[in-house]
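Reader: Hello! Could you take me on a close look at one part of this protein, with the cut-offs spelled out as you go?

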Amino acid sequence: MSKPVKGYIKLQINWGQANPAPPVWPALGQYWVPIQEFTTKFNDQTKDKMGVKLPVIITVYEDRTFDFIVKQPPMSTLIKGKLNLKSGSGVPQKDKVGHLNLEQVKEIANEKMPDLNAIDLAGAMMTVRGTARATGVTTDIDGMTKEEVAAKIA
C-alpha cells in the first residue's frame, strides 16, 4: 500500500544549484519537508549539468517524506541552447533569430521525447517546430505535414 500524498510541488531549479533559499524554501517549508535533505539529494542527482534550469515535481507524503522527478529542460531552452541564443525574438512573426536544420530538430525531439505526449519521433519534431516558431526560429520542416516529416527521417 502506498503512502498518503499530502501535496505536489512544481519548481524550476538550476541543476546542481538548489539551496535553501527562495524558491525552494517557501515551497517546501509550507509542507514541513526537510529542506537540506531535499537540496542535497537534488544536487547529487543533477550535478552533471550545472546551471541548466530544470522543472522538478516533488511529491510530499503525510509523514513529511518526499520523492521528486526531474524533467527535461523546457523546449525553448533546448532550442536556444542548440543555436547559442540568449533569448528568442520579441516579435517572432516578423523577426527571425535563427534556423534549425533537420538534424538539430531531430536531436531536440529525441532529448525531449520522455516529457512529450507525442506518439512517435515525427510528432515530437512537429512539437519542436511549433515551439521554434513561437521563439522566432525557422526550421527545415516548416510547412511540412507530419507524414512528410516521417518520410524525411525514415
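Author: Happy to; here is the setting as a whole, followed by a close look at Tyr-61, with Thr-46 as a second stop. You are looking at a predicted model, in which local features need pLDDT of at least 70 and side-chain atom pairs count only at pLDDT 80 or more, while totals for chains, interfaces and linings use all residues. Residues are numbered from 1 along each chain as its sequence is written, and side-chain values use heavy atoms, with hydrogens and water left out.

The protein has six helices and five strands (DSSP runs numbered from the N terminus: H or I of at least four residues for helices, E of at least two for strands). Read from the N terminus, their order is β-α-α-β-β-α-β-α-α-β-α. The radius of gyration is 19 Å, well over the 15 Å that the globule rule gives for 154 residues, so the protein is more spread out than a compact globule. Here the radius is taken over C-alpha atoms, and the rule is 2.2 Å times the number of residues to the power 0.38. Along the principal axes, the C-alpha atoms fill a box of roughly 50 × 35 × 25 Å.

Of the 154 residues, 37% count as buried (under 20% relative accessible area, with exposed over 50% and partly exposed in between, using a 1.4 Å probe and protein chains only). Among contacts, meaning heavy atoms within 4.5 Å, between residues at least 6 apart in sequence, 60% join residues at least 24 apart.

Now to Tyr-61, which is found in strand S2. Its relative accessibility is 13%, so Tyr-61 counts as buried. Leaving aside residues up to four places away in sequence, Tyr-61 touches Lys-3, Pro-4, Val-5, Lys-6, Phe-66 and Asp-67. With Asp-67 there is also a side-chain to side-chain polar contact of 2.8 Å. Such a contact is a pair of N or O atoms within 3.5 Å; within protein, one must be able to donate a hydrogen and the other to accept it, and residues adjacent in sequence count only if both atoms are side-chain atoms. As for Ala-134, 73 residues apart from Tyr-61 along the chain, the two C-alpha atoms are separated by 38 Å.

The loop between helix H2 (35-45) and strand S2 (53-61) holds Thr-46. Thr-46 counts as buried because its relative accessibility is 2%. A polar atom of the Thr-46 side chain lies 2.7 Å from the backbone oxygen of Phe-42. Thr-46 also touches Trp-15, Gly-16 and Val-70, again not counting residues up to four places away in sequence.
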